[in-house]
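Welcome, and please open the model in your viewer. We will go from one selection to the next.

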Amino acid sequence: MRHLAIIGGGSWGTALAIVLAPRFERVRLWVYEPDLVERMRARGENDVYLPGFRIPDNVDVHNELGDALRDVEVVLGVMPSHLARPLYRQMAPHLSPAIGLVSATKGLEIGTLRRVSAVISEVIGPRFPPRVAVMSGPTFAREVARGDPTALVVASLDHEFAQTVQSAFSGPTFRLYTSLDPVGVEVGGAVKNVVAIGAGVCHGLGFGSNAMAALITRGLAEISRLALAMGGHPRTLAGLAGLGDLVLTCTGELSRNRTVGLELAKGRGLEEIVSSMRMVAEGIKTTSATVDLARQYRVEMPIAEQMHAMLHLGRPPREAIRQLMDRALKGE
Ligand SMILES: NC(=O)c1ccc[n+]([C@@H]2O[C@H](COP(=O)([O-])OP(=O)(O)OC[C@H]3O[C@@H](n4cnc5c(N)ncnc54)[C@H](O)[C@@H]3O)[C@@H](O)[C@H]2O)c1
């Protein structure tokens, strides 16, 4: 593969452009904001979403989807989940059946409760059956951009396509493992953001390592229950896109979802917190979708239920934690 399009020039799309540029002849990065496109072209830096990192010379920054998608073999979608459907709809007329689609978005579609790869198949399917993979794992954008060793998973029902992406994307600091389980990878990547809000709450309330370890472990148990009910594989949830990403988001200082929980624990309101953040915290929207999915699949997800009550029903953080501890006693 010689040409790659990255759709979405936020923190993650920009970091991916930086780490993948040496692997391709040309990378076309589609950026939504016209003024940011101009500045990125002029200064070679994304001063809004990933300041301090130079955009490599073989990365072209575009504002028109048609320009970004011209003559590319693979498209990497890195938009926030609530923008996936409209953006793939706009992309559809520019895509040919030979193009492979890789989704790096983490989240679930509100309302339909679809995984992003299912949204892609639904939108592109009427034109041609798309080759789709999902890419996920423990990855903070800044650490990838500065070249820290990073490992992640690329999952597809089409194993050959996953292997093609693996060999095209892997490099000295970026190591991909293949998987045949997009359901487990996408559910792990989306729902860990819900648990991360809880991690922020625990930290903000001053609880120590016991509470954090319990939250991560019981969080993984409920993520796994949901993923398995949806057809995912237990091994995936013990891997990079499950446990790996959950540990990162719950313990890492760079986690936005954890920051949301931390601020809630300080007594700030959700609207105030969101309006002070320029970047997306996927966990807020994903919490509602997760609770709806848990009901649909009849799976118990007490942490997600409490996060939902805290975010959307005004339950105080300390009361949410108390209710988790007061649940009926049970076996592990
Ligand atoms: N940041 C990370 O470290 C990281 C790592 C792995 C996965 N992800 C996932 O990648 C996805 C993108 O996250 P991010 O961190 O790059 O986001 P971000 O908050 O840094 O950027 C938001 C993005 O949304 C775009 N945008 C805003 N309004 C838009 C509109 N109306 N139409 C089209 N685009 C619009 C912006 O241009 C920007 O690209 C999310 O699903 C996130 O969970 C992020």
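The tour starts at the ligand and ends at two cysteines.

This is a predicted model, in which local features need pLDDT of at least 70, side-chain atom pairs count only at pLDDT 80 or more, and totals for chains, interfaces and linings use all residues. Residues are numbered from 1 along each chain as its sequence is written, and side-chain values use heavy atoms, with hydrogens and water left out.

Select the ligand, then the residues near it (a heavy atom within 4 Å). You should have 23 residues, and the closest are Gly10, Ser11, Glu33, Val280 and Glu282. Colour this shell by type: 13 are nonpolar, 6 polar and 4 charged, where Ala, Val, Leu, Ile, Met, Phe, Trp, Tyr, Cys and Pro count as nonpolar, Asp, Glu, Lys and Arg as charged, and the others, Gly among them, as polar.

Next, look for polar contacts (N or O pairs within 3.5 Å). At Glu282, a polar side-chain atom is 2.6 Å from a ligand oxygen. At Tyr32, an N or O atom of the side chain lies 3.3 Å from a ligand nitrogen. At Gly9, a polar backbone atom is 3.4 Å from a ligand oxygen. On its own the ligand has 830 Å² of accessible area (Shrake-Rupley, 1.4 Å probe), and the protein covers 86% of that.

Finally, select Cys202 and Cys250. Why is there no disulfide (sulfur atoms within 2.5 Å) here? The sulfur of Cys202 has its closest cysteine sulfur in Cys250, 8.8 Å away, which is too far for a bond. The count is thus 0 disulfides. Cys202 is buried (under 20% relative accessible area, 1.4 Å probe, protein chains only) at 4%, and Cys250 is buried at 0%.

Notes. Disulfide = S-S within 2.5 Å. Buried < 20%, exposed > 50% of the residue type's maximum accessible area, 1.4 Å probe, protein only. Polar contact = N/O pair within 3.5 Å; in protein donor to acceptor, adjacent residues only side chain to side chain.
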